[in-house]
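Hi everyone, thanks for making time for this. I'd like to walk you through one structure, so please have a look at it on the screen.

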There are 2 protein chains.
Amino acid sequence: MQEVICTVDVVLLTLREGVLQVLLHRREREPFAGTLALPGGYVHTDSDRDTRDAALRVLRDKPGVHSPYLEQLATFSGPARDPRGWSISVAYYALVPDTLVTEAADAVLCPVDDLRGVPFDHAQIVASAVQRVRNKSSYSSLPVHVCQEPFTLPQLQAVYEALLGESLNKVSFRRKMDELDVLEAIPGVFSSGSAHRPAQLYRVKPAWRHALSLSERAI
Amino acid sequence: MQEVICTVDVVLLTLREGVLQVLLHRREREPFAGTLALPGGYVHTDSDRDTRDAALRVLRDKPGVHSPYLEQLATFSGPARDPRGWSISVAYYALVPDTLVTEAADAVLCPVDDLRGVPFDHAQIVASAVQRVRNKSSYSSLPVHVCQEPFTLPQLQAVYEALLGESLNKVSFRRKMDELDVLEAIPGVFSSGSAHRPAQLYRVKPAWRHALSLSERAI
DNA sequence: TCAATAGTGTCTTTAAGACAATATCTT
DNA sequence: AAGATATTGTCTTAAAGACACTATTGA
């Protein structure tokens, strides 16, 4: 019985120009050398403490992405998804503000709806991540990870609307954010420079910043 | 770099005597031969089409459990969880009516809150499955898979209440079931034999029976 | 002052829960 | 008929959405 090829793949998502985009990496090695695919790689049993650690290692190459929101998505497997043989890929997804993503020759952002030509089953993995994010965004504070701090409530609402693909009621949105209780206003600090009333700037409460990924059904 | 040990584990859950219980299997081989652990085993690259297929194969040993509700839970990994070395376990959970579970010397049901002594990280895997089931039960039709068909609405409500650990409003519960639109009354068939009004018997609509595991946020 | 967007008050609509009335069995 | 549980109607309460009004800035 042949061995199982064990890898991790990371779906790094961000919002650029109002569109949900995924970071693709140009593969250096076969199979599919030269094509754009999800960043990923073999699990390193000599250095990775677990697959999450492997996913973080994969992301460390990307400048700026230090400690993103990272959650296990699902595991994809089978004899045909990788031409090298029977393989398992533990997929993770990350959410980051678009300001942290630097594009380069070997790292480009692509709209999640236009992934023709990506190899393996990576289109399916991305679709799965997008579905998870859309779903969780409807009842949780997940989208705050896409906003660069500090941010205003109108900015955050726009992020929710872009992720969910629908416009939200302003009053209800603010009530919900108030209930979730994960944001705090930065006293006396407002947006400025525009020809209208400035908006209060917010940040994630310190207690929440690294706790948001702990619960199954995130708050 | 040493190889990764690839396995699947199955958390088969059912409700017996009003308590959520998990099927444990007495291990025939080392490590931990003779102790009760989650049913599982190596991924067979020569016969399994994917890890879900491997999980179904693991369940085929259990008489009566033919095509249960089965969903991928999460993947657990690391150098220490299995004494044989760096390992990955893709965990699935299954929900079945308790009438399908036959206990034997090598297959026993244990309440999910009393898993002292189970090896590996299986207690953590079970806890994770229980959390997932409790969470999904609050907004989906997941618990119907724990009811042997045909069932009455009061029986189904009791199952929801056992899974969620709280009593539910009867009117709201029935309204919600009506909205979910996954059940159909069996015309003219009622429970009988008890000294009170008989209850309408229901079954899952055929269109739903095998479609309930498809969506991320099951209906 | 005007245009533009932020923030809030309040009414309406919808969903959830409480409670009680009626229905239908066995004994 | 009495006792038990099923089923349904309806009132109350809570959440969500619609809409409009006030607030604050730069041009």
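I'll go through the DNA first, then the contact between the protein chains, and then a few spots in the backbone.

Some ground rules before that. This is a predicted model, where local features need pLDDT of at least 70, side-chain atom pairs count only at pLDDT 80 or more, and totals for chains, interfaces and linings use all residues. Residues are numbered from 1 along each chain as its sequence is written, chains are lettered from A and ligands numbered from 1 in the order in which they are written, and side-chain values use heavy atoms, with hydrogens and water left out.

Okay, DNA strand C. There are 20 residues around this strand, and those that come nearest are A:Arg174, A:Gln200, B:Arg175, B:His196 and B:Arg197; a residue counts as near if one of its heavy atoms lies within 4 Å. By class, those 20 split into eight nonpolar, six polar and six charged. For that, Ala, Val, Leu, Ile, Met, Phe, Trp, Tyr, Cys and Pro are nonpolar, Asp, Glu, Lys and Arg are charged, and the others, Gly among them, are polar.

Which parts of strand C come within 4 Å of the protein? Sugar or phosphate makes up 56% of those atoms, and the rest belong to bases. Let's look at some base contacts. B:Arg175 has a polar side-chain atom 2.6 Å from a base nitrogen of strand C, while the side chain of B:Asn169 puts an N or O atom 3.2 Å from a base nitrogen. With B:Arg197 the backbone does the job: one of its N or O atoms lies 3.0 Å from a base oxygen.

Now strand D. Here the nearest of the 20 residues are A:Arg175, B:Lys170, B:Arg174, B:Ala195 and B:Gln200. Sugar and phosphate account for 56% of the strand D atoms within 4 Å of the protein. A side-chain N or O atom of B:Arg174 is 2.6 Å from a phosphate oxygen of strand D, and a polar backbone atom of B:Gln200 is 2.6 Å from a phosphate oxygen too.

Which helix gives the most to each surface? For strand C, H4(B) gives the most, with four residues; for strand D, the largest share, four residues, comes from H4(A). Helices here are DSSP runs of H or I with at least four residues, strands are runs of E with at least two, and both are numbered from the N terminus.

Next, the two protein chains. Each of chains A and B puts 29 residues into the contact, meaning heavy atoms within 4.5 Å. About 2,600 Å² is buried between them, 55% of it from carbon and sulfur atoms; that is the accessible area (1.4 Å probe) the two parts lose on being put together, summed over both. On chain B's side, strand S5 (69-78), strand S6 (87-95) and helix H2 (122-137) each give two or more residues, and S5(B) has the largest share, with five.

Last, the backbone. The peptide bond from A:Glu149 to A:Pro150 is cis, with omega near -10°, and A:Pro150 sits in the loop between helix H2 (122-137) and strand S8 (151-152) of chain A. In chain B, the bond from B:Glu30 to B:Pro31 is cis, with omega near -5°. A:Phe120 has a positive phi, near 55°, and is not a glycine.

That's my tour, thanks!

Technical notes. Polar contact = N/O pair within 3.5 Å; in protein donor to acceptor, adjacent residues only side chain to side chain.
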